Amino acid sequence: MKRSKSIKRFLYKECDFEFEFSHIHNHWSLDNIYEAIYTGRPLHDACLHLGLDYELMDQSVKHYVLQSIHEEQRRLTSRQIELMNQYNDHTLFGCSLGELLEEIMFLDPQAWLQTFENSVLYVNNEFLAEGQSSKSSLSSTEKEQTVASIFGDIPFSFDDLEHFDSLEMMMSVKEKWSRLGSKSGSAYRFFKKYLKHNQFLHPHPNDLSANDRRERMLHQYDLFLTILKDISSSQDITEDLRQYEGEMHVAYTHYTSAKIDAAKLLDKDKRKGEAIVKLAALFSLIKSPEIRNLLFDHLVKSADSLPFNFMDEHIAPAIDYGDFEMEMMDYEDAKEGKAALYLTIIFIAEITLKAFVREKLREAAAYFIAPAIDHSQTADNPGEEKELLQLKQDLLLAALMHKEKQTNVKSMEAPPYSLNINPLKPASDKTFGQVYKWIYTLNKEYDSGTLFRHARKLFLVKGTHKVVSTAGGIIDRLSDFDDEFKQFAKIKPEDLGSVDIDRLTDKLI
């Protein structure tokens, strides 16, 4: 989906976003940025038709988008690192570039190892070969071997970098380190690379039941959380958790399967229960663990509350139709087009709002950077003045996040990150396997570009239309995606609880 520029351009125009610069004209703050962003009527109306808490979803989407842009800003080029070192005393919102650089990057592999030595020992001790004993520290040789296994031929220390045989070789090392030395997501990169192929488990669904793979996957995630707890005092672990869940979906699968099992959905109606499993898998396309759990918790509220497709009674959306027949038709549209409504939220959070806010923040940084910088701090070389100003503009959100100490991770003790799902009990192997299979399969097809390939081609053929409030209007724009998802997942209208409009109208009048 990310690869389709046509979808990005089209949704960008129709999502009805706004950014009110007046909120940050005189004062930069994260609260003011939140206030400046309007997430658009399609998001608002999709939430209404789904019965979601719009204000909560609105704030969650904004938070995720800003966190994602923040992570993008933390991916520095070798030139940006060079400038931040050279002008380390220059400030943004009172925070020096040197402080920011220290927060964003490891100085060299040696500095990385100071943070991760305990993590290396945890993993080594976890997978001891027969006859080996646990260790409490690494020898000098083991340290160098560890760094080589993670970073390849990069020198252990950069203290003697200027003694390289050529400037070209030195620049090559710096360029490579700008990609590998970021603190953002560093624990996940280490964990995935350091564990041997047969240790890092993400099995094909057909292999899940063999060799205790389910329990080993959960144990592997617990080991990862142990590593995060160890390093969390020295760096932010937000991106590590997001990347692990975004690729592995372990905590999400564990939680959703337990809730589906507790409600006995697959026992009460196999096809309708499977439709809920497939919608839960659809939510995994959004890489915010918080938002996917919000969507799922509304879909399956509790063991005693049945999802929408199990219920016969009519529940009107929070919209004043003024016409009973229109209300009934829209209710049925919202039922059968559930996937399109969810995809509206997913596309906005994952694609279009990020692009919009990224552009508007770039504009805001260019026009309103004055309060953020110290104008007495200038470049040593006049030729670098423009480049230095651009660097400060690029780092504006990162500096603001640093100043206000904002983080996306509240706790690892409860969902969406923890495996502690009390009072729920872990799902049966059958239910866990069903949820795992659909999340695995759906993401594989999505990442390869196979899922929605036909819908992407048809997307622009429909032309433009004005933004409307009806469920049918929203669903129509993404009907090809809705249809392709249901065709891929083999979901029929009756699996979503759709009924004959005339019969339902006669029953209620």
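## A salt bridge at the surface

Asp153 is exposed, with a relative accessible area of 63%. In this predicted model, Asp153 has a salt-bridge partner in Lys176, and their closest N and O atoms are 3.1 Å apart. The two residues are 23 positions apart and link distant parts of the chain: Asp153 sits in the loop between α8 (140-151) and α9, while Lys176 belongs to helix α9 (residues 167-180). Lys176 itself is partly exposed, at a relative accessible area of 26%.

## The chain as a whole

Let's step back for a wider view. The protein chain has 25 helices and four strands. It is made of 509 residues, of which 54% count as buried. Its accessible surface comes to about 23800 Å², and carbon and sulfur atoms hold 49% of that area.

How do the contacts spread along the sequence? Among contacts in the protein chain with a separation of 6 or more, 79% are between residues 24 or more positions apart.

## Salt bridges across the sequence

Side chains of opposite charge can pair when their charged atoms come close. The structure holds 20 salt bridges, and two more of them are worth a visit here.

One of them joins Arg79 and Glu384, with the closest N and O atoms 3.4 Å apart. Arg79 lies in helix α5 (residues 78-86) and Glu384 in the loop between α18 (338-368) and α19 (385-394), so this pair ties together parts that are 305 residues apart in sequence. Arg79 is partly exposed, at 25% relative accessible area, whereas Glu384 is buried, at 12%. The pair also has company: Arg79, Glu82, Glu384 and Glu387 are linked in a network of salt bridges.

The other is formed by Asp495 and Arg271, whose closest N and O atoms are 2.7 Å apart. It links distant parts of the chain, 224 residues apart: Asp495 is in the loop between α24 (479-489) and α25 (501-508), and Arg271 is in helix α15 (residues 270-283). Is Asp495 buried or exposed? Asp495 is buried, with a relative accessible area of 3%, while its partner Arg271 counts as partly exposed at 36%.

## Aromatic pairs

Now for the rings. There are 28 aromatic pairs in the structure. In one of them, the rings of Trp112 and Phe116 have centres 4.9 Å apart and planes at 20°, so the pair is stacked; planes under 30 degrees apart count as such. These two residues are four positions apart in helix α7 (residues 109-126), a separation of about one helical turn. Both Trp112 and Phe116 are buried.

Phe283 and Tyr342 make a pair of another kind. Their ring centres are 4.6 Å apart and their planes stand at 70°, so the pair is edge-to-face. Phe283 lies in helix α15 and Tyr342 in helix α18, so the pair ties together parts that are 59 residues apart in sequence. Phe283 counts as buried at 0% relative accessibility, and Tyr342 is buried too, with a relative accessible area of 1%.

## A cluster, and charges over rings

Which residues form one aromatic cluster? The members are Phe106, Trp112, Phe116, Phe151, Phe158, Trp177, Phe190 and Tyr194. The stacked pair of Trp112 and Phe116 is therefore part of this cluster.

Phe106, another member of the cluster, also meets a charge: the charged end of Lys183 sits over its ring, 5.4 Å from the centre. Elsewhere, the charged end of Arg292 sits over the ring of Tyr252, 5.0 Å from its centre.

Conventions. Residues numbered from 1 in each chain as written. Predicted model: local features only at pLDDT ≥ 70, side-chain atom pairs only at ≥ 80, totals over all residues. Heavy atoms only, no water. Buried < 20%, exposed > 50% of the residue type's maximum accessible area, 1.4 Å probe, protein only. Contact = heavy atoms within 4.5 Å. Areas by Shrake-Rupley, 256 points an atom, 1.4 Å probe, with all protein chains shown as cover. Salt bridge = Lys/Arg side-chain N within 4 Å of Asp/Glu carboxyl O. Phe/Tyr/Trp six-rings, centres within 6.5 Å; stacked < 30°, edge-to-face > 60°. Lys NZ or Arg CZ within 6 Å of the ring centre and 35° of its normal.
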